[in-house]
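The following exercises concern one protein chain and are to be worked through with the sequence and the coordinates at hand. Each task is followed by a solution in steps.

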Amino acid sequence: MSSTTFPLAAEEARDKSGATSFLRRALGDPVWVLPAMAITTLATLVLYLWGLDRNGWANTYYAAAVQAGTQSWKAFFFGSLDAGNFITVDKPPASLWLMELSARIFGPNSWSMLAPEAIAGALTVLLLFFAVKPTFGPLAGLIAAVAMALTPVAVVMFRYNNPDALLTLVLVASAWAMVRALGSGRLRWLLLSAALVGLAFNTKDLQAYIVVPALVVTYFLFAPGGLGRRFLQLLAAGAVLAVSTGWWLVIVGAIPAAARPYVGGSTNNTVLDLVLGYNGLGRIFGQGRGGGGGATVGGGAGFGGATGLLRLFSTEIGGQIAWLIPLAVVSLAVGLWVYRSRPRTDLARAGYILWGLWFATHFAVFSFASGIFHPYYTVALAPGVAALVGAGLVDMWMLRGRSLVGAVILGAAVAGTGWWGFELLARTPAFMPGLGSLEVALAIVAAVVIVATRLPLLRMVPKRVPEVALAVAVAAMMLGPAAYAAETVTRSSSGAIPSAGPAAATADGMRTSFGGPPNGGPLTGGPPPNFPTGIADGGRGFNAALGADAIAYLEQHQGGANWLVAVQSANEAASIELSTGKSVLAMGGFSGSDPAMTVDKLAQLVSSGKLRYVLLSGGGPGGGSSSAVQQWIVAHGTAVTIGSTTLYDLAPSGS
């Protein structure tokens, strides 16, 4: 029995007329496929949209940039933090474009900003189905889609305004196009796959390239055509990748620095430095960077636990992504064995290589990256895990039909996954007590039935019994992720490090997630009180928020200045921008450490009337909080105290 003819997917009578018949044939014809995927996609969309506004502005850093992009097309193109275009965010702007277009149409608010992310999530689930189905069959595609939809880190990130939502969607789309290229050998699908990776690059820089080995190796080894033809096609794809990757970088580099905002996160005001440094090698090797995130992280946790082979199973990350990783590994091993003797162009074997390399490269990079690493990055790993699980369960079922050994392999995989879910749930004993015991109990019972009904004495048991057992097993394995998903959508998420599921203390003293009610309504949601919205602020306190009286004073005295006030970091600027709708100048970028502001530049802004007020709120390693800039501000400014806030008025005397 092939993996595409699973008993539960047996074809029923077909409606030969109308659009429904056409869609069924496009999906693979079994009558259950169309309604099953329609329900799955719709349910995913509802899950990701449910109570979405409780996240408020989510990550205020990106929310401020979205607001700026609705006020200035220049800010839109560059991905500026502020409509005055002093500095950009420390990522490429593609994900901002999606949210900004929505906010321009519907107005800047929580729903208009976050709804595109939720829609991207539902599209990711749908595209993953279409990427898995041609190689492993519709049932495998459906299981993969459900697994992807319920992966906790996916639930939180497709309800958030970080770049990872669009990144994941575009990368899955590139895999879908690659599967089409493998099946047809047509160059256009390969070129589309390459172009989509380039779009992903303009969403989150070099992280997009983690999938490139999987795409290139799979096509080179398994695509139709001769070796020379495949090599030339990959060269053409490389050219498309170069263009789709570099067009924005080249344009920004060609514009004089004085005519554009400073490239946030860079040390020399170039996109290339940002790509190769803070967003590139610095993330892998933990090299200290003066710009961008500002934190120097070397050989340590990088906010994602200690590096090593077990990192993704740790307290910090396990509940986000690790529920099905062991099952994915078993599935990959089984799949490679089952299809080891197939012809070179066999799609199933190519599919295992594609998703296996997707999984392996992400797992390796995420496990051993010594730089800044956040648990939510693992959302890009989720498609590989989900695809392998869908394919593996179907193929292990096929093996069960062939031998008792196959039944034992499937039963062990099911029971082991149930036990691992129990272990993950045990890390938060106050969260839904008893759920872990239920999961492991159902998994073990299902495993026993799957194996026992393959024994000679029980072969006469109706075939529906083991089929029901497998369905129960799949449901049991999804209990933990589904519970985490439900918890995620019923609470607010905010700040720079979103996390799914219930709150749990971690090894570094932080929390993996935050529960409780939101701090405010759709436009004022924020992190728990006194929690820094940035990373590694070293006790400086990014949230030196201005009081209402100080903001009122600044608005009354702004005059014709481009910026309401200048502050040291983007994390300070963002909250002020969002509460006032006015541009705020972040002198030192994300954490206040970018060398974006100099004494000469500050003096020019003041003399031209573009800036009048500055708020100083602590020391830092460089950039806006450098001693030279601070000394100039103190020397040339007049201290003005409003309530508990001290501002420096840099207007010439008598103005």
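**Exercise 1. The surroundings of M148**

In which helix does M148 lie? Determine also its burial class and its contacts in this predicted model.

Solution. Step 1: M148 belongs to helix α7, which spans residues 138-150.

Step 2: The relative accessibility of M148 is 0%. Buried means under 20% relative accessible area, so M148 counts as buried.

Step 3: Leaving aside residues up to four places away in sequence, M148 touches Y48, T124, V125, L128, A154, F158, T168, V379, A382, P383 and A386.

Step 4: V125, one of these contacts, is 23 residues from M148 along the chain, and the C-alpha atoms of the two are separated by 6.3 Å.

**Exercise 2. Two positive phi angles**

Locate A58 and N85, give the phi value of each, and decide whether each residue is buried or exposed.

Solution. Step 1: The reference is that most residues other than glycine have a negative phi.

Step 2: A58 is in the loop between α2 (33-49) and α3 (60-71). Its phi is near 55°, a positive value in a residue other than glycine. With a relative accessible area of 1%, A58 is buried.

Step 3: N85 is placed in the loop between α4 (73-78) and α5 (94-106). Phi of N85 is near 65°, again a positive value in a residue other than glycine. The relative accessible area of N85 is 10%, so this residue is buried.

**Exercise 3. Enclosed and open space**

How many cavities of 30 Å³ or more does a search of the whole structure find? Describe the largest cavity and the second largest pocket, with their linings.

Solution. Step 1: The search finds 8 cavities of 30 Å³ or more.

Step 2: The volume of the largest cavity is about 150 Å³. Its lining consists of 16 residues, and those nearest its centre are Y62, K91, H374, Y376 and F590. The elements giving two or more residues to this lining are α3 and α13 (271-285).

Step 3: The second largest pocket holds about 350 Å³ of space. Among the 18 residues that line this pocket, F86, A257, A258, R260 and K601 are the closest to its centre. Helix α23 (residues 599-607) supplies the largest share of the lining, namely 3 residues.

**Exercise 4. A nonpolar surface patch**

Which residues form a nonpolar patch on the surface? Classify V408 by its exposure.

Solution. Step 1: The patch is formed by L404, V408, L455, L457 and L458, which together have about 450 Å² of accessible area.

Step 2: V408 is found in helix α18, residues 404-425.

Step 3: The relative accessible area of V408 is 43%. The partly exposed class lies between the limits of 20% and 50%, so V408 is partly exposed.

**Exercise 5. The chain as a whole**

Summarise the secondary structure, burial, contact range and accessible surface of the protein chain.

Solution. Step 1: The chain contains 24 helices and 5 strands.

Step 2: Of its 655 residues, 60% are buried.

Step 3: Among contacts with a separation of 6 or more, 70% join residues 24 or more positions apart.

Step 4: The chain exposes about 23,600 Å², and carbon and sulfur atoms supply 67% of this area.

Key
Residues numbered from 1 in each chain as written. Predicted model: local features only at pLDDT ≥ 70, side-chain atom pairs only at ≥ 80, totals over all residues. Heavy atoms only, no water. Helix = DSSP H or I, 4+ residues; strand = E, 2+ residues; numbered from the N terminus. Buried < 20%, exposed > 50% of the residue type's maximum accessible area, 1.4 Å probe, protein only. Contact = heavy atoms within 4.5 Å. Areas by Shrake-Rupley, 256 points an atom, 1.4 Å probe, with all protein chains shown as cover. Patch = residues over 30% accessible without salt bridge, like charges linked within 9 Å, V, L, I, M, F, W, Y side chains within 5 Å. Salt bridge = Lys/Arg side-chain N within 4 Å of Asp/Glu carboxyl O. 1 Å grid on protein atoms, 1.4 Å probe; cavity = no way out; pocket = protein on both sides within 12 Å on 5 of 7 lines; lining within 4 Å. Points joined across faces, edges and corners; volume = space filled by probe spheres on them.
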